[in-house]
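Colleague: I'm new to this one, so could you walk me through a few of its strands and helices?

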Amino acid sequence: MRLIFIGPPGSGKGTQAKLLSQRLGLIHFATGDILREAIRLQTPEGKQAHPYMSVGKMVPDSLINAMVDARFRSNECPNRFVMDGYPRNLAQAVSFDAILNECKLSLDAVIFLRVADEEIVKRLSARWNCPNPTCKATYNTQFKPPKSPGICDDCGSPLMQREDDKPETIQRRLGIFHELTNALLDHYRNQGLLVEVPGIGEIDAIYRSVEQALAARKR
Ligand SMILES: [Zn+2]
């Protein structure tokens with residue numbers, strides 16, 4: 001099976017892609033991990049990507065496309081895979097179509113994990129940290145709240161939110177996600193590949209919905 005997994009930040013897309021890869025024996029092609037590994041190993045691509053990644057910017061399409069192409073043209077060309085984090089916009093999808101065509105591989109489905117923006121903001125902004133460098137305790141107001149709101153259980157410091165976990169930052173990231181993803185979803189919808197799965201509930205329940213959606217496509 002050859003799949004692309006798309007979902008907003010905080011949708012649990014990575015978890016689901018990993019489960020699919022483990023249970024169906026697919027290569028989990030996570031471009032974020034590949035980039036971080038390239039940076040760690042200081043490969044030529046890693047060196048090019050580092051200045052973007054280190055300030056949280058998007059790595060240019062040309063660089064990502066070249067990395068994916070190189071992998072598909074190599075003798076480690078993945079035959080059964082789930083793409084996680086790529087393609088993330090229409091230009092990348094067009095490039096990916098071309099390399100798949102060149103490798104005579106066709107996609108089975110593109111899964112979109114749909115989660116409402118308000119839910120994402122609620123999930124991600126639940127994370128709070130203790131700023132005390134000798135403590136660094138982490139909390140989640142939904143799943144692991146501190147005993148007194150806003151105060152670290154361990155050291156009594158007032159809790160803080162990372163920039164990435166603030167509602168306004170999350171809203172901004174979601175805005176960018178939708179802007180890029182709408183055209184991407186249309187692209188795959190037009191190819192008859194798009195499958196939408198609601199990303200709400202327990203991890204296993206979501207996984208079963210993904211499985212059912214894939215099975216329904218085959219019939
Ligand atoms: Zn603390």
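Colleague: In which sense do β1 and β4 pair?

Modeller: This is a predicted model, where local features need pLDDT of at least 70, side-chain atom pairs count only at pLDDT 80 or more, and totals for chains, interfaces and linings use all residues. Residues are numbered from 1 along each chain as its sequence is written, and side-chain values use heavy atoms, with hydrogens and water left out. Strands are DSSP E runs of at least two residues, helices H or I runs of at least four, numbered from the N terminus, and two strands pair if DSSP finds at least two bridges between them. Strand β1 (residues 2-6) shares 4 bridges with β4, with the sense being parallel.

Colleague: And in β7, what is the bridge partner of Leu113?

Modeller: β4 also pairs with strand β7 (residues 194-198), in the parallel sense over 5 bridges. Within β7, the partner of Leu113 is Val197.

Colleague: How many residues of β4 are buried?

Modeller: Buried means under 20% relative accessible area, exposed over 50%, partly exposed in between (1.4 Å probe, protein chains only). Strand β4 covers residues 109-114 and is mostly covered, the buried count being 5 of 6.

Colleague: How is α2 oriented relative to α3?

Modeller: Axes are lines fitted to C-alpha atoms, for helices over the stretch in contact, and angles run from 0 to 180 degrees between N-to-C directions. The axes of α2 (residues 31-40) and α3 (residues 44-54) come within 8 Å and cross at roughly 110 degrees. Angles under 35 degrees count as roughly parallel, over 145 as roughly antiparallel, 65 to 115 as roughly perpendicular and the rest as oblique. So α2 is, relative to α3, roughly perpendicular.
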